[in-house]
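The exercises below ask you to read burial, contacts and strand order from a chain, and each is followed by a worked solution. Please look at the sequence and the structure before you begin.

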Amino acid sequence: MSSSLPVIAAIATAPGRGGVGVVRLSGKDLLPLAQTLSGGKTPTPRMAVYTDFYDAQGDTIDNGLLLYFAAPASFTGEDVIELQGHGGPVVMQMLLQRCLQLGARLAEPGEFTKRAFLNNKLDLAQAESVADLIDASSQSAARMALRSLKGAFSDHIRRLVDDLITLRMLVEATLDFPEEEIDFLEAADAKGKLAALQTQLAAVLQQAQQGAILREGMNVVLVGAPNVGKSSLLNALAGDDIAIVTDIAGTTRDTVREQITLDGVPVHIIDTAGLRETDDVVEQIGIQRSQKAVQEADVALILIDPQEGINPTTRAILDRLPESLKRIEIHNKIDLRGTEPGAGRSGSLSGADTVIRLSAKTGAGLDLLKQALLDEIGWQGESESLFLARSRHLHALRQAQEELALAALCGNHQLELLAEHLRLAQAACNEITGEFTADDLLGVIFSRFCIGK
């Protein structure tokens with residue numbers, strides 16, 4: 001694969017100024033290029049060489065370390081060069097331009113990792129975990145991404161595939177030799193193996209669903225009538241004065257976003273502009289954005305004044321909420337009413353399953369709200385058995401689960417149908433690791449990586 005691909009180059013460090021900047025190259029036979037860049041020095045593979053980097057006229061661009069990784073013992077499986085110089089944007093661009101002059105082309109987003117996949121250095125699930133590790137928004141997410149990068153998720157999938165292959169072999173043997181007196185399927189306990197596969201797949205899916213929560217987090221919107229305490233609650237959850245709080249209705253004229261972490265899960269909280277009728281053009285735009293945030297949310301925190309109840313403004317807001325949106329009803333300002341904090345299923349005015357009584361001002365009851373949020377999305381806590389998963393992984397696992405369920409319904413005289421369902425289940429699992437993956441899907445996956453990785 002690598003022999004037909006051009007040399008690629010990119011700045012691998014983040015934009016801006018830093019103590020060190022790295023330009024990375026990957027391709028075939030890069031040793032002559034390394035010698036040209038370093039003024040004739042021949043680097044030893046995997047050993048850093050301190051050198052000047054030269055332009056086409058022989059003038060020094062920068063000095064630093066040159067590292068040469070000979071194929072196949074490199075990240076991409078090709079020859080790889082890293083130029084570690086001073087981390088100024090101008091210097092990095094000059095080094096990159098020199099590499100392009102020497103025949104490299106600018107790398108596309110994720111192209112280095114894509115080549116690692118194409119050269120069998122990583123499977124597709126591991127390649128995706130590279131981006132997940134870079135994008136991790138919590139320590140828990142970073143730990144789980146690293147586990148996937150080291151192959152924990154892929155190992156589970158391969159065991160599933162191996163067991164599927166064994167079962168398929170038994171079914172195919174029965175189909176190929178129907179005249180044999182030996183009943184392959186009964187003798188080998190095919191039904192038991194299929195049931196065990198279903199149990200194994202269910203466990204992997206459950207772990208993947210928990211990992212997806214850790215990766216994606218949840219989107220939470222604060223909704224309610226103007227001046228009901230949404231901004232105060234956002235500030236209390238964030239532990240900072242993120243939103244402006246006044247007694248004037250309509251103070252929040254646009255959505256205010258903040259991210260917090262609950263038990264390792266990233267939570268994106270959006271304080272919406274009070275959803276109401278208004279002639280203020282600016283506030284109307286904020287309300288439109290609030291409505292969009294509500295449509296994309298996982299959980300809505302509905303703030304209601306229990307003394308006032310459901311007034312027409314609140315009713316209009318509730319009517320706009322999607323029926324499928326999970327809801328937690330908040331009775332704020334208990335410090336003014338002398339009420340104790342609490343959580344339960346009774347006393348709801350909006351039809352929400354959970355009611356939390358709290359004070360955003362004093363913080364009483366906030367822990368109850370945080371736990372209720374985690375319960376709503378089904379978070380069971382971090383464990384070493386979890387691994388980060390993407391929506392495409394969940395889709396593939398559910399598809400495999402459906403095929404195994406259909407296979408279990410097949411009778412003794414439906415062996416061809418049984419074999420087909422088992423084949424489709426295996427194909428779904430193979431999509432996760434990339435053994436069978438469409439080229440257009442690969443393009444979508446790696447296009448979301450950062451350049452230089």
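**Exercise 1.** Is R24 buried or exposed, and what is its relative accessible area?

*Solution.* A word on the source comes before the steps. This is a predicted model, in which local features need pLDDT of at least 70 and side-chain atom pairs count only at pLDDT 80 or more, whereas totals for chains, interfaces and linings use all residues. Residues are numbered from 1 along each chain as its sequence is written, and side-chain values use heavy atoms, with hydrogens and water left out.

Step 1: take the classes, in which buried means under 20% relative accessible area, exposed means over 50%, and partly exposed lies in between, with a 1.4 Å probe and protein chains only. Step 2: R24 has a relative accessible area of 14%, so R24 is buried. Step 3: place R24 in strand β2 (residues 18-27), where strands (E, at least two residues) and helices (H or I, at least four residues) are DSSP runs numbered from the N terminus. Step 4: list its contacts, meaning heavy atoms within 4.5 Å; with neighbours within four places in sequence left aside, the partners of R24 include I8, V80, E82, F112 and K453.

**Exercise 2.** State which positions UniProt lists together with R24 under "binding site", and describe the surroundings of K121.

*Solution.* Step 1: the unreviewed UniProt entry lists R24, E82, K121 and K453 for "binding site"; such positions are given in the numbering used here with shortened feature names, and the annotations may be inferred rather than shown by experiment. Step 2: K121 lies in the loop between α3 (111-118) and α4 (124-135), and K121 is partly exposed, with a relative accessible area of 37%. Step 3: not counting residues up to four places away in sequence, K121 touches P72, S74, F75, T76, G77 and A116. Step 4: the side chain of K121 reaches the backbone oxygen of P72 at 2.9 Å.

**Exercise 3.** In what order do the six strands of the open sheet lie, and which helix packs on that sheet?

*Solution.* Step 1: the order is β3-β4-β5-β2-β1-β6, with mixed pairing, where two strands pair if DSSP finds at least two bridges between them. Step 2: β3 (49-54) and β6 (105-106) each have a single partner strand and stand at the edges, so one side of each is left without a neighbour in the sheet. Step 3: β4 (residues 60-69) and β5 (residues 79-87) run antiparallel and are joined by five bridges, and F69 has V80 in β5 as its bridge partner. Step 4: helix α2 (residues 89-101) packs on the sheet, touching β1 (8-11), β2, β3, β4, β5 and β6, and its direction makes about 15° with that of β2; axes are lines fitted to C-alpha atoms, for helices over the stretch in contact, and angles run from 0 to 180 degrees between N-to-C directions.

**Exercise 4.** Work out where F387 is placed and which residues are in contact with F387.

*Solution.* Step 1: F387 is in the loop between α13 (366-376) and α14 (391-408). Step 2: F387 is buried, with a relative accessible area of 0%. Step 3: leaving aside neighbours within four places in sequence, F387 is in contact with residues including M144, R147, F153, H156 and V204. Step 4: F387 and Q209, which are 178 residues apart in sequence, are 9.1 Å apart in space, C-alpha to C-alpha.

Definitions and conventions:
Polar contact = N/O pair within 3.5 Å; in protein donor to acceptor, adjacent residues only side chain to side chain.
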